[in-house]
Amino acid sequence: YNILSEEGQHFIRKSIEESWRKEAKIILPEKTKKFAKEFGFMFNKVSIRNTKSRWGSCSGENNISLSLHLMRLPETLIDYVILHELAHTKEKNHQPPFWKLLDSITEGRAKELDKKMKDFSTRIY
């Protein structure tokens, strides 16, 4: 490929995404299991997706979906997103009890970490 061509750029993007996906599939489920055990959360499964708008989600059945783009974030924010989704296994919305729970597992930093997430985007091109 000519790396400056449209197809060359597409190939590079796909290759980078595949690298993040491989890394994410190893790291993110392990972190989720570790935090669930540490803080007493129960979830069914973790899936890794190439999401364009969300860092993560938690279904009504407590299935957690995480963006492969988390691999581009600082470690503290990766941990925050995982803890955020785990908190949704107990509190399904963003009402005050959710933030109280999230504060209890982030050393009182839930809102601060949530604000830092605004500096990043799942979209890169």
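The second largest pocket of this predicted model has a volume of about 150 Å³. Its lining is made up of T76, D79, Y80, L83, I105, T106, E107, R109 and L113. Helix 2 gives the most to this lining, with four residues. Sorted by class, the residues around the second largest pocket comprise four nonpolar, two polar and three charged.

E107, one of the residues that line the second largest pocket, deserves a closer look. This glutamate sits in the loop between helix 3 and helix 4. Its backbone has a positive phi of about 55 degrees, although E107 is not a glycine. With a relative accessible area of 75%, E107 is exposed, because the cut-off for that class is over 50%.

The largest pocket, in turn, has a volume of about 370 Å³. A total of 18 residues line the largest pocket, and W55, G56, H84, E85 and D114 lie nearest its centre. Strand 2, helix 2 (75-87) and helix 4 are the elements that give two or more residues to this lining. Here, too, helix 2 gives the most, with four residues. The lining of the largest pocket divides into seven nonpolar, six polar and five charged residues. For both pockets, the search rests on a simple idea: rolling a probe the size of a water molecule over the atoms shows where empty space is left.

D114 leads on to the packing of helices, since this aspartate also takes part in the contact between helix 3 and helix 4. Two packed helices are described by the angle between their axes and the distance between the axes. For helix 3 (residues 96-105) and helix 4 (residues 110-117), the angle is about 95 degrees and the axes are 8 Å apart. The two helices, helix 3 and helix 4, are therefore roughly perpendicular to each other, as the range for that description is 65 to 115 degrees. On the side of helix 3, the contact involves W99, L102 and D103, which meet A110, K111 and D114 of helix 4. The residues of this contact divide into three nonpolar, no polar and three charged.

It helps to place these elements within the chain as a whole. The chain has four helices and three strands, and from the N terminus on the order of the elements is α-β-β-β-α-α-α. Along the principal axes, the C-alpha atoms fill a box of roughly 55 × 30 × 20 Å. Of the 125 residues in the chain, 41% are buried. Among contacts between residues at least 6 apart in sequence, 52% join residues at least 24 apart.

W20 and L68 offer a view of how helix 1 meets a later part of the chain. W20 is found in helix 1 (residues 6-39), while L68 lies in the loop between strand 3 and helix 2. W20 counts as buried at 16% relative accessibility, because the limit for that class is under 20%. L68 is also buried, at 0% relative accessibility. Leaving aside neighbours within four places in sequence, W20 is in contact with L68, H69, M71, R72 and I124. With neighbours within four places in sequence again left out, L68 is in contact with E17, W20, R21, A24, I48, R49 and N50. Two C-alpha separations add some scale to this part of the picture. W20 and F41 are 21 residues apart in sequence and 26 Å apart in space. L68 and D114, which are 46 residues apart along the chain, are separated by 18 Å.

A last point of local interest is N62, located in the loop between strand 2 (56-58) and strand 3 (64-67). N62 has a positive phi of about 65 degrees although it is not a glycine. Its relative accessible area is 17%, and N62 is buried. Not counting residues up to four places away in sequence, N62 touches M42, F43, N44, K45, H88, T89 and K92. N62 and E107 can thus be set side by side: N62 is buried, whereas E107 is exposed. Both are residues other than glycine with a positive phi, about 65 degrees for N62 and about 55 degrees for E107.

Definitions and conventions. Residues numbered from 1 in each chain as written. Predicted model: local features only at pLDDT ≥ 70, side-chain atom pairs only at ≥ 80, totals over all residues. Heavy atoms only, no water. Buried < 20%, exposed > 50% of the residue type's maximum accessible area, 1.4 Å probe, protein only. Contact = heavy atoms within 4.5 Å. Axes fitted to C-alpha atoms, helices over the stretch in contact; angles between N-to-C directions. Parallel < 35°, antiparallel > 145°, perpendicular 65-115°, else oblique. Nonpolar A, V, L, I, M, F, W, Y, C, P; charged D, E, K, R; others polar. 1 Å grid on protein atoms, 1.4 Å probe; cavity = no way out; pocket = protein on both sides within 12 Å on 5 of 7 lines; lining within 4 Å. Points joined across faces, edges and corners; volume = space filled by probe spheres on them.
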